[in-house]
Amino acid sequence: NVAENLPEINFKIIGASSGRISEVYYRKLRELLDKKRLRNVDLLVNASRNLQIKIYSRAKIFLHTMRGEHFGIAIVEGMAAGLIPIVHKSGGPWNDIILRGKYGFGYSSIDEAVEVIRKGIKDYWKYRDLALKRATLFSKTKFKEKFKRIVKYIANQ
């Protein structure tokens, strides 16, 4: 639905598929794209890591559409590749990753998503740097440092 309102932008929907639920979901997406005759959306099922990296290197925006996501490591991966995160205003991505709009954009409706995608593309370099900076806080090294501090704190209690 967002892509329908942004025909000048190419969208790549990347996702893993395994099992019946994934197949049903894929089929529904495919039918919706065909019904709306959208030519600016590609569905990439089980894309290789190399293909994902290639797409990230050419993209500017990482649109994450899941509502109520707990965390969303894919969002952090996109940010580390220099993509501006646009997430639903619910769950971990909005609250914990982009800190309610400090390091990316949130949306509550299709119209709002369209608006912030346009803003993100217009001001790409400004928001790219913020996303890259934030992504470093989720690195393996930072995780280990925090984990060690917590264990040391608990051990000293």
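Reading along the sequence, the elements come in the order β-α-β-α-β-α-β-α-β-α-α-α. That pattern belongs to a predicted model, and it adds up to seven helices and five strands in the chain. As for overall dimensions, the C-alpha atoms fill a box of roughly 60 × 40 × 30 Å when taken along the principal axes.

A few totals help to set the scene. The chain has 157 residues, and 32% of them count as buried. Its accessible surface comes to about 10500 Å², with 55% of that belonging to carbon and sulfur atoms. On the charge side, there are 31 positive side chains and 15 negative ones. The centres of these two sets lie 6 Å apart. What about contacts between parts of the sequence that are far from each other? Among contacts with a separation of 6 or more, 53% come from residues 24 or more positions apart.

The walk along the chain can begin with β1 and β2. Strand β1 covers residues 11-15 and strand β2 covers residues 41-45. The two pair in the parallel sense, over five bridges. Within this pairing, I14 stands opposite L44 of β2. To get from β1 to β2, the chain passes through helix α1, residues 20-36, and this β-α-β crossover is right-handed.

One residue of β2 gives a closer look at this pairing. D42 lies in that strand, and it counts as partly exposed, because its relative accessibility is 34%, between the 20% limit for buried and the 50% limit for exposed. Which residues does D42 touch once its neighbours within four places in sequence are left aside? They are F11, K12 and I13. Take F11 as an example: D42 and F11 are 31 residues apart in sequence, yet their C-alpha atoms are 6.3 Å apart in space.

Between α1 and β2 there is a loop, and R37 is found there. The backbone at R37 has a positive phi, about 55°, although this residue is not a glycine. Is R37 buried or exposed? R37 is exposed, because its relative accessible area is 66%, and anything over 50% falls in that class.

Further along comes another parallel pair. Strand β3 (residues 61-64) runs parallel to strand β4 (residues 84-88), and four bridges join them. Here H64 has V87 in β4 as its bridge partner. Helix α3, residues 73-80, goes together with β3 and β4 to make a β-α-β unit, which is right-handed.

After that, the loop between α4 (91-97) and β5 (105-107) is where L99 is found. L99 has a positive phi of about 50°, although it is not a glycine. What is the relative accessibility of L99? The value is 35%, so L99 counts as partly exposed.

To pull the strand pairings together, β1 pairs with β2 in the parallel sense, and β3 runs parallel to β4. The crossover through α1 is right-handed, and the unit that contains α3 is right-handed too. As for the loop residues, R37 sits between α1 and β2, while L99 sits between α4 and β5.

Technical notes. Residues are numbered from 1 along each chain as its sequence is written. This is a predicted model: local features need pLDDT of at least 70, side-chain atom pairs count only at pLDDT 80 or more; totals for chains, interfaces and linings use all residues. Side-chain values use heavy atoms; hydrogens and water are left out. Buried means under 20% relative accessible area, exposed over 50%, partly exposed in between (1.4 Å probe, protein chains only). Contact means heavy atoms within 4.5 Å. Accessible areas come from the Shrake-Rupley method with a 1.4 Å probe; for residues, only the protein chains shown count as cover. Lys and Arg count as positive and Asp and Glu as negative; His and the chain ends are not counted. The place of a charge is taken as NZ of Lys, CZ of Arg, CG of Asp or CD of Glu. Two strands pair if DSSP finds at least two bridges between them. A crossover is right-handed if, with the strands pointing away from the viewer, the path from the first strand over the helix to the second runs clockwise.
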